Amino acid sequence: MPSFEPIKAKMEAEGIAVSAISAFESTFNSLVSGNTGMIPESTISPVPDLVSAESINVEPNTELLKETVVLKLNGGLGTGMGLDKAKSLLKVKDDDTFLDLTAKQVMKMRTEYGFNVKFMLMNSFSTSEDTLAFFAEKYPSLRKEEGLEMIQNKVPKLDATTFEPATCESDPSNEWCPPGHGDLYAALVGSGRLDALLEDGYKYMFVSNSDNLGATLDLKILAHFATTEAPFMMECCERTENDKKGGHLAVRNSDSQLILRESAMCAEKDEDAFQDVTKHRFFNTNNLWIRLDKLKEIIDKFGGFIPLPMIKNNKTVDPKDDNSQKVIQLETAMGAAIECFSGASAIVVPRTRFAPVKKCDDLLLLRSDAYMINSDYIPVLNPLCGGKAPVISLDSKKYKLVGKLEEATMDGIPSLVHCDRLKIKGVVRMSKKTSFVGDVSIVNNSDESKFVPVGEIKNTTLDLTEAPGLGALKPTVVPTAPIKGQEPGTSGLRKKTKLFMSENYLNNFVQAAFDAVKASGTNLSEGSLVIGGDGRYYNNEAIQTIIKMGIANGVKRFWVGKDGLLSTPGVSTIIRERGPVWQKAFGAFILTASHNPGGPDEDFGIKYNCENGGPAPDKLTAAMYANTTTIKEYKICKDFPNIDISNLGCNTVTSEDGSTDVTIEVIDTTAESVKLLKTIFDFGPIKSLLDRPDFTMVYDSMHGVNGPYAKAIFVDELGQDESVCVNAIPKDDFNGGHADPNLTYAKELVATMGLDREGNKIDVGGAKIPSFGAAADGDGDRNMILGTQFFVTPSDSLAIIAAYADVIPFFKSQGGLKGVARSMPTSGAVDLVAKDLNFDLFETPTGWKYFGNLMDSKALFGGKDYTPFICGEESFGTGSNHVREKDGIWAVLAWLSILASENADTTKPLVTVEDIVIKHWTKYGRNYYCRWDFEGVDKVSANAMMDKMR
């Protein structure tokens, strides 16, 4: 006989609770003993009439709430509906998810009855992180409650032949599976929650599924349960033809005990009897009432667990690979415990207490006007439905996944309040402007999605097969396969240009990004998508591809920089500042490899920025990468025409059927940035400084994207000669240079300022050296500051800007600078300023997104507001909370503001960059540090060296 020892050892090594191991051993022993888990029809009898909840004659007793705990089962991912996160986080009514409505139900009940009713969740290892993050953000008071979460255990998958633990080298997490909601009892014991609840005086537990919004704590049912003193009570509903394939309640002939028979426990020969709803009349809603003291007694009786009937499922170890190892997954059902409680009872409840969302049919109905949310945050049927919910039948092949339903209802949910029955066959697109009345059938036998006409559609069969389609807006689904190595770094995905240009490389990543953004809750059809880049080779071709893929994924409006050019801080500005409100950007694709060289043989990159203007957070980039490893197809509108991005203005394309249109607006590259910067800085004193005869400056854009921005600010706004702006014409290979603003690569500027690559003074003969010099990198987010034969280190630059923050109106008008931050490798110069001026100080990992977290700490985490805020890193990046990226031109204008403040009296000699830095050193001391750059090294060897150092 197969041994349980290898399984026990694996579970112990994983830290699984003893109670869960004992429970699984009981299930395993049932398997190896030859028990099939079947319940023959001959061994059971139908359940006689049950008490109806509607006929209960007992007074509700609010005092019982002090002894009652509400627990929601929240371990499901909803994989059957195409979800990869907690199913309970799916939006079900407007912007409310299952968990939103559950949380509101709990809080309403607490307010109404004046008792702090205990609330708990049983999460799984797959749903815990997402669920807790949700509560922390939206319902922090609930999140902080002691004992909110209890984690469902996990059990090993078993080799189908040997019954030994299965293995999956490609992904060890596939070796485990949830043990079914029958694990509730083992989890209560193993977590210590059962003993803790009993110690705190709790006697009753009400358990239900998180996707059943009708399952609320009913005071009348609670009072009935308490009065009858039953140890266990199951809520049942009467079966209909729609329920015949689900489990049912029965009476075991041998001892007259109530038991639960699931479909997996029924032999093929007994299926007719199993599905006879006139014989087996009641099914389990999974709404259970449990006496905790009686539960404790039974668990103690059996040595720490409840022996539940086994459910056996045949699977593959890798659910995405049908050819992987054949395995058995053993699970148990929570309701099956009814057979373990002597004196257990059942009660018939109305269908309103059983409203789970198992299919897209259910979801469409719940999202429609056929259902309303009442004052107790419970979904109830709209009175206009006449007491009967519409029957929805969606094409199961086309609408199995939530994503497909959301594509079909991108323009809104049609009205169903006067609909009796709706049947849809084929792929369609619906609108909130459509009302279905009576019995309606929609048919589309073509392979293209067709639009259901607006207006009232009443008692008819509508064939859309030959109807006009989307024309140029028709998406094509292109098969593809994962491409290794598409994991974004701290600033997006960067690879060689030729790799990006290879088949499906860009497409795969863009589709993975769209899928991740949609999964995060962003509606791509609302607002605008910003697209632009630093102008490097392949920039404009990539923009056309992203537009066509964006349309296929539901984007309706795009803002594209003229000539494809937008700096990284410029994109952040557009996301945060550009309107009108109904067009506000939800995100952006930035095409840049930052300071890396460009050209067909050099580097290309892409990154996604979110609605706050900052880089995608780790959670989102992780989702993008995960999607790239499993991608099977991408969507693109192949027939959509290329857009002329050299001319400003709107380009609108309407579908052939007239149902929708898409607008691509080519916007001014610099307008929003200039507008914002003029509110941050006082351009008057800066212009006075620049107009001084003894002051000259030069700004080197290094043929990157900042050339147009430099011209717009220094020439158009501040009235300087164009000679101030050097290398200001963006080129796709940065004129063969390396657009990195440092002493090594900004050779032309460094020489002009009288320095060598180590920052030492050089003999320039009689050449006139400018008073001030600055340089930008390819995408405009970095800066280097120079004075006459003087180099300002990035760390000193950050510290000095912080010390002089009050000369900048943006900071002074808000009561002064509050917080500063630097990356870990940056010197401690700014630390000394922060200590002296009492600023909050932070050290972060490398990556601008971490500065963004601090800027948004109040909104994201409910913490302190540290803005106005300045931050920087030793890699020549400096910025503030005006955007969520580092900003090269912002740093230059900050320095010019400092110089202007020190030179307000034009009758006095010019105070130079060097004077300001030396003055700073005199007060705060000088911080030394050294940076070494290693470029073009072998990646494998470099990683091996770092691993050894770790």
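**Exercise 1. Helix α18 and its surroundings**

Task: Find which helices the buried residues of α18 pack against, and name those buried residues.

Solution. The model is predicted.
Step 1. The buried residues of α18 pack against α16 (568-577), α19 (683-691), α20 (706-717), α23 (809-812) and α27 (888-902).
Step 2. Helix α18 covers residues 671-680. Its buried residues are E672, S673, V674, L676, L677 and I680.
Step 3. Apply the helical repeat. An α-helix has 3.6 residues a turn, so residues three or four places apart point the same way.

**Exercise 2. Strand β6**

Task: Decide whether the residues of β6 are buried or exposed, then sort them by the way they point.

Solution.
Step 1. β6 spans residues 118-123, and six of its six residues are buried. The cut-off for buried is under 20% relative accessible area.
Step 2. Recall the rule for strands. In a regular strand the side chains alternate between the two faces of the sheet.
Step 3. Sort the residues. K118, M120 and M122 point one way from β6. F119, L121 and N123 point the other way.
Step 4. Add the partner strands. β3 (residues 68-74) pairs with β6 in the parallel sense, over six bridges. Here L71 is opposite M120. β7 (residues 149-151) also runs parallel to β6, joined by three bridges. Here N123 is opposite I151.

**Exercise 3. A three-stranded sheet and its loop**

Task: Give the strand order of the open sheet that contains β13, and place N253 relative to β13 and β14.

Solution.
Step 1. The order is β1-β13-β14, and the pairing is antiparallel.
Step 2. Find the edges. β1 (44-45) and β14 (258-261) each have a single partner strand, so one side of each lacks a neighbour in the sheet.
Step 3. Look at the pairing of β13. Strand β13 (residues 248-252) is joined to β14 by four bridges. V251 has L258 as its bridge partner in β14.
Step 4. Place N253. N253 sits in the loop between β13 and β14. Its relative accessibility is 39%, so N253 counts as partly exposed.
Step 5. List the contacts of N253. Leaving out residues up to four places away in sequence, N253 touches S42, T43, I44 and S45. I44 is 209 residues from N253 along the chain, yet their C-alpha atoms are 5.1 Å apart.

**Exercise 4. A four-stranded sheet with a helix**

Task: Work out which strands stand at the edges of the sheet, and which helix packs on the sheet.

Solution.
Step 1. Four strands form an open sheet with mixed pairing, in the order β42-β41-β43-β44.
Step 2. β42 (840-844) and β44 (877-880) are at the edges, with a single partner strand each, so one side of each has no neighbour in the sheet.
Step 3. Neighbouring strands are turned by 15° against each other on average, direction ignored.
Step 4. β41 (residues 819-823) runs parallel to β42, and five bridges join them. S823 has T844 as its bridge partner in β42.
Step 5. Helix α24 (residues 829-837) packs on the sheet and touches β41 and β42. The direction of α24 makes about 165° with that of β41.

**Exercise 5. A nonpolar surface patch**

Task: Name the residues that form a nonpolar patch on the surface with W932, and locate W932.

Solution.
Step 1. F934 and V937 form the patch together with W932. Their accessible area together is about 440 Å².
Step 2. W932 lies in the loop between α28 (913-924) and α29 (939-949).
Step 3. Check W932 against the cut-off. Exposed means over 50% relative accessible area. W932 has 68%, so W932 is exposed.

Notes. Residues numbered from 1 in each chain as written. Predicted model: local features only at pLDDT ≥ 70, side-chain atom pairs only at ≥ 80, totals over all residues. Heavy atoms only, no water. Pairing = 2+ DSSP bridges. Helix = DSSP H or I, 4+ residues; strand = E, 2+ residues; numbered from the N terminus. Axes fitted to C-alpha atoms, helices over the stretch in contact; angles between N-to-C directions. Contact = heavy atoms within 4.5 Å. Patch = residues over 30% accessible without salt bridge, like charges linked within 9 Å, V, L, I, M, F, W, Y side chains within 5 Å. Areas by Shrake-Rupley, 256 points an atom, 1.4 Å probe, with all protein chains shown as cover. Salt bridge = Lys/Arg side-chain N within 4 Å of Asp/Glu carboxyl O. Buried < 20%, exposed > 50% of the residue type's maximum accessible area, 1.4 Å probe, protein only.
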